[in-house]
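Reader: I would like a close look at a single part of this protein, set in its surroundings, with every term spelled out as it comes up. Please take your time over it.

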Amino acid sequence: MISEGCEQCAKGGKMVIFVYGYCDQRDCFYCPLGENRKNVTDVYANERKVEKDQDLIEEAKRMDALGSSLTGGEPQEVMDRTCRYISLLKEEFGEDHHIHLYTGITGGRENMRRLAEAGLDEIRFHPPLDMWGDLHGTEWEDILYIAREEGLTPAFEIPGIRPEDEFVTFVEEGAAEFVNVNEFEMSQGNFRRMQEKGYDLKEDHMSAVEGSHDVLDSMAKHPKVYFCTSVFKDAAQHRNRLKRMAKNVRRPFDEITDDGTLVYGKTWADPSRFEELGVPEDYYVVKSEHVEVAWWLLEEMIDEGDIEEGEVVEQYPTVDGRVVERTPISEMAAESDVVSSGRA
């Protein structure tokens, strides 16, 4: 059985809090952070920039969050901020709001105590790559037991660069609760460095590195070693999070797609035209320069000549409302005619 944090993540129920963009581990060639997140002090909750603490609460409610994960950069570099966010979320949503934290440093007993007192449930350590296989007898072994003593659940979370049995040994010894191995990926943030190191993308894949699955040959047999694929992150975690958001923010006329995006119609017709046609108020919203309406209704109105032009818009339910696609309804009608004539 996977950890509670991973279970909530699979359901799309984890809010991701980017706490701090700086990190002392500057030699991680595989760091996926893009330029907009690296070496910044800005905070983000999912796609929302956090200007005040209430922004965290609003974003959690927007997606009906089951829990939160804190990442960076390095969250332990800003302990006051990190602990404040943990306490804030626990106070607002209760003890069942599961919180885990990713870290690339050990931090020591005082940090573990502060994190536990704030309400952190689980801490996932990522040791430097050059120490893999030689962690026993170091501070990385000590911190696992210290974290347990302070009331935290310690684990490892590593990229699938190479198999390393020592991580499994730590689980068997009772020091670490589990090991998460993330499929090794190339991103905009690390693509150049990864190529310089000789890594290539898997054929027909947008981000996974060739050979990443092979690291599990000697690790995946253990029941507490979990492999998180890039496909699963996109197809399950991200999509399910979008669906949770979409259900909470959709208007009566918005359609939710299988990918968790919202679809509606947009037209620049005079709003009074909708009143003249007797369109129910639940079927449209008047904006400053346009009208948003049920896409199927707009298509019907254009087909019947009641309105001249419009488009179907597909966008994310995130706070930034990023548009995925815009399709003029005239083009949709033309495509429909082509299909119909082809079938004939």
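Author: What follows is an account of one helix and then of the parts around it.

The model is a predicted one, in which local features need pLDDT of at least 70 and side-chain atom pairs count only at pLDDT 80 or more, while totals for chains, interfaces and linings use all residues. Residues are numbered from 1 along each chain as its sequence is written, and side-chain values use heavy atoms, with hydrogens and water left out.

As a setting, the protein chain comes to 11 helices and 15 strands, where helices (H or I, at least four residues) and strands (E, at least two) are DSSP runs numbered from the N terminus. Of its 344 residues, 49% count as buried, a word that here means under 20% relative accessible area, with exposed being over 50% and partly exposed in between (1.4 Å probe, protein chains only).

The part to look at is helix α5, which covers residues 139-149. Its buried residues include W140, E141, I143, L144, I146 and A147. The partners against which the buried residues of α5 pack are α4, β6, β7 (153-159) and α6 (165-172), contact being heavy atoms within 4.5 Å. Just after the helix, G151 has a positive phi of about 100 degrees.

One link from α5 to its partners can be described ring by ring. There are 11 aromatic pairs in the structure, counted where the rings of Phe, Tyr and Trp (its six-membered ring) have centres within 6.5 Å; planes under 30 degrees apart are stacked, over 60 edge-to-face and the rest tilted. F125 and W140 make up an edge-to-face pair, with 6.3 Å from centre to centre and 85 degrees between the planes. That pair joins distant parts of the chain, since F125 belongs to strand β6 (residues 122-125) and W140 to α5, 15 residues apart. Both F125 and W140 are buried. Elsewhere, ring pairs tie W132, F156, F167 and F170 into a cluster.

From α5 one may step to its partner α4. The axes of helix α3 (residues 79-93) and helix α4 (residues 109-118) come within 8 Å and cross at roughly 25 degrees, axes being lines fitted to C-alpha atoms, for helices over the stretch in contact, with angles from 0 to 180 degrees between N-to-C directions. This crossing makes α3 roughly parallel to α4, because angles under 35 degrees count as roughly parallel, over 145 as roughly antiparallel, 65 to 115 as roughly perpendicular and the rest as oblique. On the α3 side the contact uses M79, D80, T82, C83, I86, S87 and K90, which meet N111, R114, L115 and A118 in α4. These residues divide into 5 nonpolar, 3 polar and 3 charged, with Ala, Val, Leu, Ile, Met, Phe, Trp, Tyr, Cys and Pro taken as nonpolar, Asp, Glu, Lys and Arg as charged, and the others, Gly among them, as polar.

K90 leads on to another place. Leaving aside neighbours within four places in sequence, H98 is in contact with K90, and also with E4, G5, Q8, K14, L66, G67, S68, D121 and E122. H98 is part of strand β5 (residues 98-103), and its relative accessibility of 6% is why it counts as buried. E122, one of its contacts, falls within β6, the strand of residues 122-125 that also holds F125, and this brings the account back to the ring pair with W140 in α5.
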